[in-house]
Protein chains: 2
Amino acid sequence: MTTRTSRRAFLAGTAGAAAAVALPAAARAEADSAAVPSATADVAVVGAGLAGLTTARRLVAAGHSVVVLEARDRVGGRTLNHPIGDGKVAEAGGEFVGPTQDRIVALATEVGVGTFDAYDTGNNVYVNGLINLKYSDTGPLGTAPPDPLLLADIIKLSQQIDLMAANFPVATPWTAPNAARLDAETLETWVRANSVNAEGIVGLLRPFTEALVGAEPGDLSFLFVLAYVAAAGNATNPGTFERLFNVRGGAQQSRLIGGSQVVAQRVASALGDRVHLSTPVRRITQTATGVTVASDALTVDAAHVVVAIPPALAARIDYQPLLPAARDLLTQRLAMGALMKVEAVYPTPFWRAANLTGQFLTVGGPVGYSFDNSPPDGSPGVLAGFVGGAQNLKWGPKPLAERRAAVLAQFARMFGDNRYLSPTDYFEMDWTLEEWSRGGPTAIAGPGTLTGYGPALRGAVGRIHWAGTETSDYWQGYMDGAVRSGERAAAEVAAAF
Amino acid sequence: MTTRTSRRAFLAGTAGAAAAVALPAAARAEADSAAVPSATADVAVVGAGLAGLTTARRLVAAGHSVVVLEARDRVGGRTLNHPIGDGKVAEAGGEFVGPTQDRIVALATEVGVGTFDAYDTGNNVYVNGLINLKYSDTGPLGTAPPDPLLLADIIKLSQQIDLMAANFPVATPWTAPNAARLDAETLETWVRANSVNAEGIVGLLRPFTEALVGAEPGDLSFLFVLAYVAAAGNATNPGTFERLFNVRGGAQQSRLIGGSQVVAQRVASALGDRVHLSTPVRRITQTATGVTVASDALTVDAAHVVVAIPPALAARIDYQPLLPAARDLLTQRLAMGALMKVEAVYPTPFWRAANLTGQFLTVGGPVGYSFDNSPPDGSPGVLAGFVGGAQNLKWGPKPLAERRAAVLAQFARMFGDNRYLSPTDYFEMDWTLEEWSRGGPTAIAGPGTLTGYGPALRGAVGRIHWAGTETSDYWQGYMDGAVRSGERAAAEVAAAF
């Protein structure tokens, strides 16, 4: 890779002074690149989250020159370590790994990041209307609550969903049996039609989908939900609803030592000056022989580009020539969920002494689901919770002090202990306010999206390739999916040279 | 309004040469505006479709200085006249007006554009599987086909929908009774649950929603459909399903003399050099005292800006500071429909002699609905059809010759006359390929969009105001809604001075 200041930059002042109001296209292109240095590489990668970094790492290993353009002033995308003192961190973004998430664990291992068990000893708390109970997730329902009013439905629906998710074509959900019908309804309508206590089950599903994807059961295509469940596995272990939901044996089983963002940081560190921060990409121009990737701070000429950002953000890049209609229309439909993570820090995780895991599940918000997010040594105690979907829309715009008070009051109420009201620190991360995420944790698909537009999700458009967790076959929406997508994109590009 | 070449443009060359790869934000802002002239005005308007032009016309009439920035090299947005020789045109975009569409008709009258009746004499043709019939829309069902297998369902569903759409809060659909439930399901699931011949009714709905909004029944929130139906009226005449669907007495009753785009052209002509073409807006920066609207060819400093483009395109502007999360998330969800208009020109509209209106409705595509699009004097004959939703996705990517042959063969088959195979001209307009529409005819809302994010649809964000047909209370999705939205936005801005 070579970096040079573009000759065009020196001409821009002159060209600009002579330009009339209606600049011809060529002059506009000159103006665009004014003052921006340029570089060349085999491959440009847009985004330095886990997907983009994995793509770059793989391609560099294969001997290609790579430039990574990251809009933020940091790497890691939807992973973010929040310092809590003494060199310790608590994650403000994606953090858990679990069985079948082989690729993120392999990458972490490669860069020397180990895992530890998420704290899960003792009882969970469940509060839903008149029902208030404590339960261990070592029971037959795992992390799902043994609510006597909903028990039969929970078991039946889980089994039905698992059955439908078995043998599901995770890479091509639109080819699933009966895909059109399944994609023409929402999770809510399907659940209502298949439950005894429909109102109760939909109510319980809310905190679940709010935490899982930042959305309500009525927002989600049922086909998308099946695809998401089916993706909670790998080629030898089909995904199940339980694996998605569970801590023990599930997607929330383990955490990464040093905080999840450290994986991205170490991969980026190995890539060195190939990674450019604060370089938001605005335009990708494709010709028969290459691509030009124009950002605010650097223009890269490359043979291929891998766009490794969420679909809704990929939509905001100006592609010339235009992308195929189906691709653009897809990115108009894959919206981000609405998710905030709130966290309170205490001198110790005192819930552990009361035989509590720190997990509660409840209906009504602001937090629907909480968990122990303390460092490996349990000091200090960190209690985290999700404010997602409708709860995010309700609570996000309120003043911090009001939201903080409501969250801490809820912690105290759920666990019956006023010590929760007085943390030593309180912080939150609302992913909907992030310019370069525009929501979280992942993109969701409403009805009609996958069957109508799904085939445009990961098919390369000439020299433009797509990565990002949303494009993964397994574990879409997770760190593991991001890594898998990067591996796939790198292989795709390498094969094209 | 004054136009001057920005002083910053002269500095850009120097700034650029000195810039390191990681340019500081201030230097990047300099680079962005390099070579672009600037202007000042009371109000900047983004988009010169009917919404933006109406906004500008109203504000100018109220004594304000206005600059309109239009990305295309023409005005009219989703209206577009296609020349067919002899100075005549056939519309390639929105074209019909009808009862209760008072505002587009008033605007047309103001600029000297009259209306004429859409040709509607004789029989319509309906083909659906074994059923093949001709019918007049003077019957009790209007334009809806009297299919004996579906008749009872058509009547029942129309009545149910009209009942639910009566007294509907068109400006705030999310406040409708039972809004959450209605917004958690699709038109398809609602229809299936309320029909005797569910499969048949969903099949018939496809060509209808494909032509109406470029989408499938399973793509649409049922609450959105109710809002759309309720919007097919005005303050004194509540919207009905029939008015939406009908030619006679409905939304397809009349056309504009000279072609619908002439209204926009005349409004733009009166605005003169306030309208700037080929100036796609890329960034809107808001301060306590004003806004800076940066396009490829002109930067405008104004007290207010009205963004009068579809939500999915408004999402692609870089707003600084960021818009509220709910607004951004809304624009991630309001996707454009997929619609193409195909038109064949014949020496005469020979279907008229066979007592045919030129309208057919059929299941299976490529065209679902056709109509007589001839000029007022009936010479030449123009037969137009819609290829929308799934049909658009299927047929859009095929070669023109293949699509043309399929369309003409369908025309011949539907009307039983091989003369349809040999037009003197054939043209088509695929709105999904338009860089500055990205689909058509309008934005659609899937489940969860309106109840979750709807309140952000038209509420101003400080000095940034929203217009466009999608933001209208009545006739959203139509030319009339565009005009109404412009009138509302202009009043909103005028009141803020």
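**Exercise 1. Determine how strand S6 of chain A pairs with strand S10, and place both in their sheet.**

Solution. Strand S6 of chain A and strand S10 (residues 254-256) of chain A are joined by two bridges in the antiparallel sense, where strands are DSSP runs of E with at least two residues, numbered from the N terminus, and two strands pair if DSSP finds at least two bridges between them. This is a predicted model, in which local features need pLDDT of at least 70 and side-chain atom pairs count only at pLDDT 80 or more, while totals for chains, interfaces and linings use all residues. Residues are numbered from 1 along each chain as its sequence is written, and chains are lettered from A and ligands numbered from 1 in the order in which they are written.

At the residue level, A:Phe96 has A:Arg255 of S10(A) as its bridge partner. The next step is the sheet itself, which is open, has three strands in the order S6-S10-S7 (chain A), and is paired antiparallel. Strands S6 (96-97) and S7 (115-117) of chain A stand at its edges with a single partner strand each, so one side of each is left without a neighbour in the sheet.

**Exercise 2. Describe the pairings that strand S12 of chain A makes with S13 and with S15.**

Solution. Begin with strand S12 (residues 281-286) of chain A and strand S13 (residues 291-295) of chain A, which pair over five bridges in the antiparallel sense; the two form a hairpin with four residues between them. Within this pairing, A:Ile284 is matched by A:Val293 of S13(A) as its bridge partner. Turning to strand S15 (residues 318-320) of chain A, three bridges join this strand to S12(A), and the two run parallel; here the bridge partner of A:Arg283 is A:Asp318.

**Exercise 3. Identify the buried residues of helix H4 in chain A and the elements against which they pack.**

Solution. In H4 (residues 102-110) of chain A, a helix being a DSSP run of H or I with at least four residues, the buried residues are A:Arg103, A:Ile104, A:Val105, A:Leu107 and A:Ala108. A residue is buried if 20 or more other C-beta atoms, placed from the backbone, lie within 10 Å of its own. The buried residues of H4(A) pack against helices H3 (50-61), H11 (261-271) and H17 (479-496) and against S6, S7 and S10 of chain A, with contact requiring C-beta atoms within 7 Å. After the helix comes A:Gly112, whose phi is positive, near 80°.

Methods. Buried ≥ 20, exposed ≤ 12 C-beta atoms within 10 Å, placed from the backbone. Contact = placed C-beta atoms within 7 Å.
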